[in-house]
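Trainee: I would be grateful for a close look at the aromatic side chains of this structure, with enough of the surroundings to place them.

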Amino acid sequence: MGSSPAPFPDIGRKAKDLLNKDYIFDQKFTLTMLSATGTEFVATGLQKDDLFFGDISTLYKGQNTIVDLKIDSHSSVSTKVTVKNLMPSAKAVISFKIPDHKSGKLDVQYVHPHATLNSSIGLNPTPLLDLSATIGSQTVSLGGEVGFDTASSSLTKYNAGISFNKPDFSAALMLEDKGESLRATYVHTVNPTTSVGAELIRRFTNHANSFTIGSSYSVDPFTTVKTRLSNNGKAGMVVQREWRPKSLITLSAEYDSKAVNSSPKVGLALALKP
């Protein structure tokens, strides 16, 4: 529903994307192909230091069902089945991984015009339970999440947040890490080609503060340049080029001023979609 608030994990999402998305300091290759029946095939390879990881996945989208099957280089098979319109304004997702028999999980999302509810339960004898909810609208929303471990009868997490969104800016305030840290984010769209953002984190346990500022600039309709700078002395940059429709080449680099004896991190990602 268009006026419904975003799910709790999406509070502060614009700042997270501006400051973190596409900053990849490894070598990654993705090939996506679409069959005549609408089934999507994706092959991914990731070179991380001297290790190589890969997977092949298929994605089928029916009228009310989405099936995602993935096989990785460690011979693990991951399956996720999404059933939409399970009941009015609700959908369910069942996921599991073979051979991990304890990996099964059931997620249910319910969307109301002024509220969004997400629940998750592990499909095993001592499951982890997660529950999150937001109320409000797309402009102003307030939410929280809690996690419970039935094996130890203890809370694994409890966080809360509030967000305020307008077409040209987005601000969020999050109480995280079981109340031990406070995160404030802000993103401002200066004009259609330029956005700037900042993130400030206050940790109450050691009274430490950290901040990151960043920007995104569209050089032309096909090229985007992103930058970020943190108070820990790290500076990063991303250059992304859409060299053909839906096919991207992304170059990332990061320099750590406190690690003068180390070389800057450099990453390259190539995504092809014929």
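Mentor: The answer below turns to the aromatic rings and then to the protein as a whole. This is a predicted model, in which local features need pLDDT of at least 70 and side-chain atom pairs count only at pLDDT 80 or more, while totals for chains, interfaces and linings use all residues. Residues are numbered from 1 along each chain as its sequence is written, and side-chain values use heavy atoms, with hydrogens and water left out.

The structure holds two aromatic pairs; rings of Phe, Tyr and Trp (its six-membered ring) pair if their centres lie within 6.5 Å, and planes under 30 degrees apart count as stacked, over 60 as edge-to-face and the rest as tilted. One of these pairs joins Phe-164 and Phe-169, whose centres are 5.7 Å apart and whose planes meet at 45 degrees, a tilted arrangement. Together with Tyr-186, Phe-164 and Phe-169 form one aromatic cluster.

As for exposure, buried means under 20% relative accessible area, exposed over 50% and partly exposed in between (1.4 Å probe, protein chains only). Phe-164 is partly exposed at 34%, and Phe-169 is also partly exposed, at 22%. Across the protein, buried residues make up 28% of the 274 residues.

The surrounding protein has one helix and 19 strands; helices (H or I, at least four residues) and strands (E, at least two) are DSSP runs, numbered from the N terminus. Its C-alpha trace spans about 50 × 45 × 40 Å along the principal axes.
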